[in-house]
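Grab a coffee and open the viewer: here are a few short exercises on aromatic rings and a ligand shell. Try each one before reading its solution.

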Amino acid sequence: MNPEFIKTICPYCGTGCGLIVKVENGKVVGIYPDREHPVSRGTLCIKGWFAHEFVHHPDRLKTPLVRIGNRFEAISWDEAIPLAAEKLKATAETYGGDAVGGLCSAKCTNEENYLFQKLIRMAFRTNNVDHCARLCHAPTAAGMAQTTGSGAMTNSISDLAGAECSLIIGSNAAESHPIIMGEIYKAVDRGATVIVIDPRKTAVAQNAAMHLPINPGTDIPLLAGMMRHIVDAGLHDEAFIRERVEGFEELKNFLQSWTVERAAGECGIGGDMIRNVAEIYAKAREAAIVYCMGITQHACGTANVHAVCDLAMLCGKIGREFSGVYPLRGQNNVQGSCDMGGLPNVYPGYQGVTDPAAQEKFQQAWERDLSAKPGLTLTEMIGGAGKEIRSLYIMAENPAMSDPDVNHVLESLTKLDFLIVQDIFLTETAKFAHLVLPAACFAEKTGTYTNTERRFQLLRQAVEPPGEAKGDFEILCLLANGLGLDFPYIHPGEVMEEIASLVPDYGGVRFDRLERAGLQWPCPDTYHSGTRYLHEHKFTRGKGLFVTPQYTPPFEKPDEAYPYYLNTGRMFAHYHTGTMTRRSPFLNRELEKPYAEIHPEDAEKAGIREGDRIRIISRRGSIVTAARISERVAKGSIFTPFHFTEARANILTNPVLDPISKIPEFKVCAVKVEKGPYENQGR
Ligand code: SF4
């Protein structure tokens, strides 16, 4: 049989690169880059090239599993769906609908996320629905919505190639978003300046014109110092501020207390460096601010986002092409799962559950009485397991790896009356489930993802799911019908039409319009060709708003007992909790084992040599890993990636929350290090 070639989208990061999947005899046998794709244009990173390697892995779940004591037993779908429905209904009847919670997924399609939140909201009259955006870009959604009215990337990825200056803060884009970094390097080839602000000398920092190695968690002092210098030097855009932004007097008052020298002292760098960077950014004709979890994963994550937006508005570098603010989304569809209402405070399209008009609209459309009370966040649901939350339905999320203070998460999962996990592998979280539902992966289903630049894109089914596994779309319809709801959908395109009818910004999105290059929202009607950049003539909220960023230093600073800062992050060959990439032989050849970077001087003091087994200990637990001696980390800091189940970095991280967005402070905690010998904990 001749091979088939099917265009689809990469399942890993929010860049949303175009893949061509090669199928032979019903199996995915290879991946090629899609030259016609509007973002990746014939390029892929290593993860995309090898995205087929996990698809037919023998570990794939092939049948529903029910827990019998300490083991799982295979059951049929005819048993699994009634069991799931009965247990969830029993929880709601006994404790009320708010005792049920659901985690939808940044890995699933828009249509699946829409159906998931609709099921939870309709069946249980609760807004307890959330997902892992809480752990990465919840501060972006909250902070940018306050300052600009829209929590999304302002511009398109291709705009970065035209920026004269890119300020990259807390993002190791060369490893986490390499195709986006490629756009920035195109600008460098034309003479643009890249400035990196990061405590660690990342791959991006090594190739930048300037690297500001600030102390962990001091982004607000740095940005405040820059803004103070810009205002003092008269480099701000007065006309833009006068016409388009409010709150300038309040911002100036705030900046009074942030002299450049004070900022420099807090950040641990020279004042001249701050002045220099401020001037390069302010004087550039077009300048971009690119950020990722180094900005958001702090107890002041939302305030960090306020500061980023304030700087862009201060200099008028927003609302025009080649400038703007670029939060780099992590998971392939984290933008879409937020857009689809997979959050406890909003319906699809960020329409507030407490807004009577929005509530009325969704009640009428869904013909159900809905709750106006915002639901619990992901961290609150896990923390409330066995108390407020008695049953949890998790679709393709892995909190046993991805949440902070993992030992506490594991304990919480055991307290649930009933846990349903729907996934493609028996993940660390699925091992705690009472019922496991086997789902389809990206190559086995049809739907849409929305990438980090707001682009709806078509995912096309290439092969069938293994064994009895089903697409999440089909499972959700079966379960909804089992719960007495009417989900009559046959094809995801019907769901997209329903979404378009309820969300004005997606009003013109239809499957047949996505065939060629997708559509960037806002796309209000079927004649609209999508929006390349936001806030052109006015901000989504009308006028932009300077919000004074309240600085909270890291909750845990090194002390005598725990003398190092710990920083966690990604590396190029693996993705997030490693569920898919660690089942790729090629990617495992690139890096198979966990490690932690330690500065040579610290290593020498502790008698640690390259490759030694070390134990990293925080106030919450410890992991054993291998030492990698490197000047990429500053003295007094340790870095470890979070992809490895045998050395789960999140055992160590601090669950303290940002009060606005409720994101945990993943990026900073205090640890100590002991030298082995230690045995590995095993997978
Ligand atoms: Fe996939 Fe992201 Fe790599 Fe593109 S950059 S190939 S979307 S992992």
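**Exercise 1.** Which residues do ring pairs link into a cluster?

*Solution.* Keep in mind that this is a predicted model. Follow the ring pairs and you get a cluster of Tyr 12, Phe 54, Phe 442 and Tyr 575. Across the model, the count of aromatic pairs comes to 16.

**Exercise 2.** Classify the pair formed by Phe 50 and Phe 586, then work out which parts it ties together.

*Solution.* Start with the geometry: the centres are 3.9 Å apart and the planes make an angle of 5°. Stacked means planes under 30 degrees apart, so this pair counts as stacked. Next, place the two rings. Phe 50 sits in the loop between α1 (46–49) and β4 (65–68), while Phe 586 belongs to helix α22 (residues 585–590), so the pair joins parts 536 residues apart in sequence. Last, check exposure: Phe 50 is partly exposed at 21% relative accessible area, and Phe 586 is partly exposed too, at 24%.

**Exercise 3.** Find the Arg residues that lie over the face of Phe 322 and of Phe 425.

*Solution.* Over Phe 322 you'll find Arg 532, 5.8 Å from the ring centre. Over Phe 425 it's Arg 583, at 4.1 Å from the ring centre.

**Exercise 4.** Describe the shell around the ligand by residue, element and class.

*Solution.* First, the residues: among them are Cys 10, Tyr 12, Cys 13, Lys 47 and Pro 178. Then the elements: α1 and α6 (178–189) each give two or more residues. Finally, sort by class, and you get 8 nonpolar, 3 polar and 1 charged. Tyr 12 turns up here as well as in the ring cluster.

Notes:
Residues numbered from 1 in each chain as written. Predicted model: local features only at pLDDT ≥ 70, side-chain atom pairs only at ≥ 80, totals over all residues. Heavy atoms only, no water. Phe/Tyr/Trp six-rings, centres within 6.5 Å; stacked < 30°, edge-to-face > 60°. Helix = DSSP H or I, 4+ residues; strand = E, 2+ residues; numbered from the N terminus. Buried < 20%, exposed > 50% of the residue type's maximum accessible area, 1.4 Å probe, protein only. Lys NZ or Arg CZ within 6 Å of the ring centre and 35° of its normal. Near = heavy atom within 4 Å. Nonpolar A, V, L, I, M, F, W, Y, C, P; charged D, E, K, R; others polar.
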